[in-house]
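Here's a quick tour of how some helices and strands fit together. Have the viewer open while you read.

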Amino acid sequence: MRLPRNLYIYATMNTSDQSLFPIDSAFKRRWDWEYEPIKYNHELKIKIGAITYKWTSFQKNVNKLIKDAFNSEDKMLGDYFVNPTDGVIDENMLRNKVLFYLWNDVCKDGEGDIFQTSDNTDITFSDLYGENGTETLIKMMEYLKVEECEGTIDDEEQIDDEEESNHNRFALDGGNPDTLKSIVKQVVVNYAANNPQKNAQEIRDIFVDAYKGSSIAHIVETEDEFSKRKDQKSAERTVSKVNLPNGETVYVCTQLRAKNDGDNFFNFIRITKEKGWGEITPTKQAD
């Protein structure tokens, strides 16, 4: 049998695949080899609750932890470890494919410091599910210092200021119709005014605990928390500043939506009423 000189065969393989024996030198010397590094150029997004993160940022940060733990690149996440058709890695795909692999094949003996929400707080795989699963995922992303995308809502879902000024109007305790962003801020402002003895950290803890598990990320942040992510371009556009009676400052999340049933603003309405912090009602939309 003779092969023509103009026949070229290109193939890719992971020479460190756990299910294969190492490829020996007798095989390798009959081929030309070229190492292909991870390029970190796949523009995927990870969507958790109302926040979208950069897949490449997650990759880089996790891969650094893997390399530091094992002094090896064998277990690193490649560009196409996941490849969703719409370019968005949702919570289920993140948990069931990416994190499941990391838990079982990378961190099975506790290596890597990946499954943590703080330097002193480890989490189990089951913590990523259930009522507080979304919040735990967000805290994990924050601990891993994964960058958020510019604007955490998909571009096609963005509502500019002019459009929002005429739609999605709500009233707090029968007051004047206003945008949902203003309503969220006013709830915090009213609470602070009614509880002037509470400092920024106390108010932050009360609101974060109240909206836990409702897909509302960092509903209230202290000055220190906000400053840690202020280098992100989207940070200034996604919060509203509130000056407390004691002179401290908190930042209120404005990344809430009320476009479709199940959007997180409806959770905000329900919980706000349950806590006795006010009743929010939709008003007639402008023509």
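Two strands count as paired when DSSP finds at least two bridges between them. One thing to keep in mind throughout: this is a predicted model.

## The three-stranded sheet

With that definition in hand, look at S9 and S10 (residues 249–253), which pair in the antiparallel sense over five bridges. To pick out one of them, start at Ser 240 and you'll find its bridge partner in S10, Val 252.

This pair belongs to an open sheet of three strands, ordered S8-S10-S9 and paired antiparallel. S8 (220–222) and S9 (239–243) sit at the edges, each pairing on one side only. If you ignore direction, neighbouring strands here are turned by 30° against each other on average.

## Helices on the sheet

What packs on this sheet? H6 does, touching S8, S9 and S10, and its direction makes about 145° with that of S10. H7 packs on the sheet as well, where it touches S8 and S10 and runs at about 155° to the direction of S8.

## How H6 meets H7

Two packed helices are described by the angle between their axes and the distance between the axes. For H6 (residues 180–194) and H7 (residues 200–210), that comes to an angle of about 130°, with the axes 12 Å apart. Roughly antiparallel would take an angle over 145 degrees and roughly perpendicular covers 65 to 115, so H6 and H7 are oblique to each other. The crossing of H6 past H7 is right-handed.

Which residues make the contact? From H6 there are Val 187, Val 188, Tyr 191 and Ala 192, and they meet Ile 203, Ile 206 and Phe 207 of H7. Sorted by class, this contact has seven nonpolar residues, with no polar and no charged ones.

## H9 and what covers it

H9 (residues 264–274) has Asn 264, Phe 265, Phe 268, Ile 269, Ile 271 and Thr 272 as its buried residues. Their cover includes H6 and H7 again, along with strands S6 (169–172) and S11 (280–282). Just after H9, keep an eye out for Gly 276, which takes a positive phi of about 75°.

## The S1–S2 hairpin

Finally, there's a hairpin to check. S1 (residues 45–48) and S2 (residues 51–54) run antiparallel and are joined by four bridges. In one of these pairings, Lys 45 has Lys 54 of S2 as its bridge partner. Two residues lie between the strands of this hairpin, and Gly 49 takes a positive phi near 60°.

Terms used:
Residues are numbered from 1 along each chain as its sequence is written. This is a predicted model: local features need pLDDT of at least 70, side-chain atom pairs count only at pLDDT 80 or more; totals for chains, interfaces and linings use all residues. Side-chain values use heavy atoms; hydrogens and water are left out. Axes are lines fitted to C-alpha atoms, for helices over the stretch in contact, and angles run from 0 to 180 degrees between N-to-C directions. Angles under 35 degrees count as roughly parallel, over 145 as roughly antiparallel, 65 to 115 as roughly perpendicular and the rest as oblique. A crossing is left-handed if the near helix is turned anticlockwise from the far one by less than a right angle, and right-handed if clockwise. Contact means heavy atoms within 4.5 Å. Ala, Val, Leu, Ile, Met, Phe, Trp, Tyr, Cys and Pro count as nonpolar, Asp, Glu, Lys and Arg as charged, and the others, Gly among them, as polar. Buried means under 20% relative accessible area, exposed over 50%, partly exposed in between (1.4 Å probe, protein chains only).
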